[in-house]
Amino acid sequence: MASYPLNKSLSLRNSSEIDVVFKNGKKISSNLISLHYLNSGHPKMRIAFSVGKKSHKLASTRNKLKRLMKEAFRLNAIDFIEQHLCCDFVFVYFGSDKVNFNDVEQSMKSLLLSFQTKNLS
RNA sequence: UAUGUGAAUCGUCUUGUCGCUAUUUAUAGAGGAAAGUCCGAACACCACAGUACAGCACAAUGGCUAACGGCCAUCGGUCGAAAGAUUAGGAAAAGUGCAACAGAAAGAAUGUACAGGUUAUGCUGUAGUGAAAUCAUGUAAACUCUGUGCGGUGAAAUGCCAUGUAAACCAGCUUAUGAGAGUUGUACGCUCGAUGCUGGAGGGUAGGCAGCUAGAGCAUAUAGGUAACUAUAUGUCAAGAUAAAUGACAAGAGCUUUUUAUAAAGUACAGAAUUCGGCUUAUAGAUUCACUGAAAAG
């Protein structure tokens with residue numbers, strides 16, 4: 001199974017830029033995850049993952065959910081990355097604490113699909 | 001033996017595929033609590049830290065430690081049949097406050113009954129309530145007193161680089177006879193000192209590097225000590241991220257529960273953020289050692 005590496009250069013790190021995405025960007029959501037995105041004019045696309053502190057109090061569960069999202073994105077986003085979009089993406093998880101990887105992956109797939117169709121039309 | 005008590009340890013593992021972070025490109029990569037941020041330090045800056053008051057903490061005796069409000073030992077109190085557990089354990093003849101219920105009354109009080117005594121009252125004794133009833137007593141996890149200790153801030157410290165017209169503009173006040181600033185609550189003292197303070201209107205940054213992982217380090221052995229702990233020798237280097245790496249999937253094994261040897265379900269608490277020593281709280285399950293001998297059973 002081929003997949004695309006997801007390293008430090010692709011991640012969106014600056015907190016103020018993430019705030020900008022939340023404020024001015026558009027939003028799509030599936031059953032577990034929502035995606036905020038903004039055409040930023042930055043040469044590379046950049047991605048961040050976020051889990052709310054209010055809904056998930058323990059740091060370890062937040063950590064786990066972020067990793068699950070990351071993995072789901074990494075395994076399913078090959079076509080997505082090859083388009084070389086100049087966008088910033090922020091994925092926000094709002095589901096419950098107890099999920100397995102398959103659920104997250106399904107949700108991520110449907111989210112990416114809906115983004116594609118919206119973007120093409 | 002079960003049960004009980006105490007101390008200590010572990011807290012899933014292996015293989016494959018795909019990935020993440022660091023850099024030496026080959027290796028390494030989350031805990032016993034990484035948590036709470038409750039104490040004590042290292043380190044940094046402010047007079048390498050001053051004085052007085054205020055404030056805070058602690059409190060049997062002896063020891064350990066870099067230090068402590070921590071730990072160890074012993075004595076006393078309380079609980080337990082025992083092994084053991086637990087203990088904010090100085091002072092009430094300096095003063096103030098408080099003392100449920102009961103009781104006339106818990107101190108600006110002194111009632112009732114009986115007896116004694118007296119001309120009579122005051123007075124004396126006994127009874128009853130209560131933990132305590134008259135030179136009161138108890139209480140300091142009430143104020144207080146005594147003794148001892150304590151300067152502040154906290155890696156968002158601090159230093160350097162970059163960016164920004166940034167010492168821009170307007171009004172008022174003040175000023176080397178000292179404005180004002182400096183990290184102790186107040187007063188003093190000390191240091192710096194005109195690039196000052198207040199208001200208005202307007203604009204911009206909030207990024208990087210160091211600090212940042214060799215340390216009161218870890219393991220083993222020997223010696224001293226009842227112990228906490230200390231000394232010596234040998235070996236060893238073991239995460240360094242910053243919207244924050246340490247992951248996902250598949251297969252197998254282990255453990256627990258249910259069950260019919262198949263099989264099914266479960267496998268805690270929880271995620272480093274400058275670094276150490278403690279305390280407190282959360283925790284499925286497993287292991288080892290020492291000790292006790294009440295009731296009940298053999």
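Buried means under 20% relative accessible area, exposed over 50% and partly exposed in between, using a 1.4 Å probe and protein chains only. The model on screen is predicted, so local features need pLDDT of at least 70 and side-chain atom pairs count only at pLDDT 80 or more, while totals for chains, interfaces and linings use all residues. Residues are numbered from 1 along each chain as its sequence is written, and side-chain values use heavy atoms, with hydrogens and water left out.

Start by selecting Phe 73. Its relative accessible area is 0%, so Phe 73 is buried. Now add Phe 49, which is buried at 16%. Rings of Phe, Tyr and Trp (its six-membered ring) pair if their centres lie within 6.5 Å; planes under 30 degrees apart count as stacked, over 60 as edge-to-face and the rest as tilted. Three aromatic pairs are found in the structure. In one of them, the ring centres of Phe 49 and Phe 73 are 6.1 Å apart and the planes stand at 70°, so this pair is edge-to-face. The pair joins distant parts of the chain, 24 residues apart: Phe 49 lies in strand β3 (residues 46–51) and Phe 73 in helix α2. Helices (H or I, at least four residues) and strands (E, at least two) are DSSP runs, numbered from the N terminus. Add Phe 91 to the selection: ring pairs link Phe 49, Phe 73 and Phe 91 into a cluster.

Next, select residues 59–76, helix α2. The expected span of a helix is 1.5 Å times one less than its number of residues. For the 18 residues of α2 this gives 26 Å, and the end C-alpha atoms are 26 Å apart, which agrees. Buried residues in α2 include Arg 62, Leu 65 and Met 69.

Move to Cys 87, in strand β4 (residues 87–93). Cys 87 has a relative accessible area of 8% and is therefore buried. Show Tyr 37 as well: the C-alpha atoms of the two residues are 6.7 Å apart, with their positions 50 residues apart along the chain.

Then go to Gly 95, in the loop between β4 and α4 (101–120). Gly 95 is buried at 15% relative accessibility. Leaving aside residues up to four places away in sequence, Gly 95 touches Leu 32 and His 56, where contact means heavy atoms within 4.5 Å.

Finish with strands β1 (residues 26–29) and β2 (residues 33–39), which pair in the antiparallel sense over four bridges. Two strands pair if DSSP finds at least two bridges between them. Lys 27 has His 36 in β2 as its bridge partner. Three residues separate β1 and β2, which form a hairpin.

Note on methods. Chains lettered and ligands numbered in written order.
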